[in-house]
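Me: I am new to this structure and would like to go through it slowly, asking at each step why a given word is used. Could you show it to me before we begin?

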Amino acid sequence: MKKRFVLLFLLLSAVGSQAQTTPPRRPLPIIDVHVHAMRVGTMSVEMCPWFLRDMPGGDPNQQMTAFLNAQCVDPLQPAKSDAEMQAAVLETMNRLNMTIVAYGDPTILRKWKKAAPDRVIAGIGVSSPKDMSVQAFTDSISSGFYTVMGEVAPQYQGLSPSDMSLDAYFAAAEKQNVPVGIHMGTGGNGMANISQSSYRASLGRPFLLEDLLARHPKMKIWVMHAGYPMADEMIALMGANAYVYVDLAGFIWSYPQAEIHAYLKRLVQAGFGKRIMYGTDFMIWPKLFETSLSVIENADYLSFDQKRDILFNNAVRFFRLDASKFK
Ligand SMILES: [Zn+2]
């Protein structure tokens with residue numbers, strides 16, 4: 001009996017000393033391809049993930065219903081200042097061994113990039129010719145700072161992504177070999193008549209990308225939000241266009257989990273597991289990274305390798321990155 005205790009003690013101390021001397025292993029790398037670098041304050045509200053499970057029945061003569069929902073046990077808390085946000089994003093990237101493709105406020109983006117140059121890939125979006133001139137856009141993607149075009153969201157402007165008013169911008173991205181992310185699909189509850197009057201659900205149809213793709217055969221695009229909920233068109237478009245990828249941003253934390261998994265499973269089942277990239281649509285809630293990650297981790301219909309493709313390998317291929325730099 002005593003001897004057994006001694007043995008157990010020796011074993012435990014061996015494990016203990018090993019734990020002390022071996023440096024903690026870094027988690028396998030993750031790339032989040034859809035992060036918004038925002039100023040805090042513009043929408044400082046709590047948020048319950050997967051809140052779109054009960055679309056309110058509204059009436060135009062009544063007060064509008066809030067877009068987000070904070071009625072749950074443990075809503076995600078918004079960062080309270082730009083400094084708190086930056087600290088949280090940096091801490092999360094380091095802890096999760098995560099790299100982000102980020103776009104949005106240029107001052108915030110430059111600060112993040114300066115603080116973590118190897119973990120931030122900067123993008124610049126144009127959603128309407130009113131945003132900036134073609135020359136200004138071309139200068140931006142030639143500067144070396146911006147290496148991605150995104151988020152491009154003509155749907156909110158009432159424009160098709162194939163609208164000719166945007167064509168010169170896409171031509172510039174194609175010429176510079178800059179990958180392009182285009183918002184297609186979901187916007188949230190009441191987008192057209194509560195928050196964005198120019199938004200049209202029909203302008204999120206993946207097939208609207210076909211003319212654009214035909215005009216720019218060398219341009220690499222990824223369909224943000226995976227064209228949700230139009231899986232049929234998304235699958236047909238990816239089948240016809242071998243270089244089109246998708247991201248899972250936005251709907252991964254806003255729609256009911258059963259719906260998210262059904263959509264993701266459908267795309268994988270259709271054979272596109274190598275063209276799906278992990279993305280969050282991160283805005284102001286630091287814990288949203290972990291919340292979104294849990295959806296992929298809990299997807300029991302995906303193998304380990306399929307999860308690694310979605311979380312990392314597919315983005316490395318799509319953005320032409322060097323995988324060895326991420327270990
Ligand atoms: Zn979007």
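Reply: Strand S2 and strand S3 (residues 120–124) are paired in the parallel sense over 3 bridges, and within this pairing Val-101 stands opposite Ile-121 in S3. Please keep in mind throughout that this is a predicted model.

Me: What makes S2 and S3 a pair of strands?

Reply: Two strands pair if at least two bridges are found between them, and S2 and S3 have 3 bridges. On its other pairing, S2 (residues 98–104) is joined by 6 bridges to S1, and these two strands run parallel; there Ala-37 stands opposite Gly-104 in S2.

Me: Which order do the strands take in the sheet?

Reply: There are 8 strands in an open sheet, in the order S1-S2-S3-S4-S5-S6-S7-S8, and the pairing is parallel. S1 and S8 each have a single partner strand and stand at the edges, so one side of each is left without a neighbour in the sheet.

Me: How do you know whether S1 is mostly covered or mostly open?

Reply: Buried means under 20% relative accessible area, and 8 of the 8 residues of S1 fall in that class, for which reason the strand is described as mostly covered.

Me: How many bridges hold S6 to strand S7?

Reply: S6 and strand S7 (residues 245–247) pair in the parallel sense over 2 bridges, where at least two bridges are needed for a pair. The bridge partner of Trp-222 in S7 is Tyr-245. S6 also pairs with strand S5 (residues 180–183), in the parallel sense over 4 bridges, and here Val-180 has Ile-221 of S6 as its bridge partner.

Me: Which way do the side chains of S6 point?

Reply: Ile-221 and Val-223 point one way from S6, while Trp-222 and Met-224 point the other way, and all are buried. In general, the side chains of a regular strand alternate between the two faces of the sheet.

Me: What kind of unit do S6, H8 and S7 make?

Reply: Together S6, H8 and S7 make a right-handed β-α-β unit. The word right-handed applies if, with the strands pointing away from the viewer, the path from the first strand over the helix to the second runs clockwise.

Me: What makes certain residues the protein donors of the zinc ion?

Reply: Donors are N, O and S atoms within 2.8 Å of the metal, and Glu-151 (OE), His-183 (ND1) and His-225 (NE2) lie 1.8 to 2.2 Å from the zinc ion, so these are its protein donors. Their spacing in sequence is E-x31-H-x41-H. Glu-151 in strand S4 (residues 146–152) and His-225 in the loop between strand S6 (221–224) and helix H8 (231–240) are 74 residues apart, so this pair links distant parts of the chain.

Me: Why are Glu-151 and His-225 placed in one class or another of accessibility?

Reply: The cut-off for buried is under 20%; Glu-151 has 14% relative accessibility and therefore counts as buried, and His-225, at 2%, counts as buried as well.

Me: How do you know that Cys-48 and Cys-72 form a disulfide?

Reply: A disulfide is a pair of cysteine sulfur atoms within 2.5 Å, and the distance from S to S between Cys-48 and Cys-72 is 2.1 Å. The structure holds 1 disulfide.

Me: Why is this disulfide called left-handed or right-handed?

Reply: The torsion about the S-S bond of Cys-48 and Cys-72 is about -100°, so the disulfide is left-handed. Cys-48 is buried, with a relative accessible area of 2%, whereas Cys-72, at 30% relative accessibility, counts as partly exposed, a class that lies between under 20% and over 50%.

Me: What is the shape of helix H12, and where does it bend?

Reply: Helix H12 (residues 304–318) has 15 residues and reaches 20 Å from its first C-alpha to its last, which is close to the 21 Å expected at 1.5 Å a residue. H12 bends by about 55° at Ile-310, and Ile-310 is among the buried residues of the helix, which also include Leu-311 and Phe-312.

Me: Why is Tyr-278 called buried or exposed?

Reply: Tyr-278 has a relative accessible area of 0%, which is under 20%, and therefore it is buried. Its place is in the loop between strand S8 (276–277) and helix H11 (288–297).

Definitions and conventions
Residues are numbered from 1 along each chain as its sequence is written. This is a predicted model: local features need pLDDT of at least 70, side-chain atom pairs count only at pLDDT 80 or more; totals for chains, interfaces and linings use all residues. Side-chain values use heavy atoms; hydrogens and water are left out. Donors are N, O and S atoms within 2.8 Å of the metal (3.2 Å for Na, K and Ca); water is not among the atoms, so sites may look incomplete. Buried means under 20% relative accessible area, exposed over 50%, partly exposed in between (1.4 Å probe, protein chains only). The expected span of a helix is 1.5 Å times one less than its number of residues. The bend at a residue is the angle between axes fitted to the seven residues ending there and the seven starting there.
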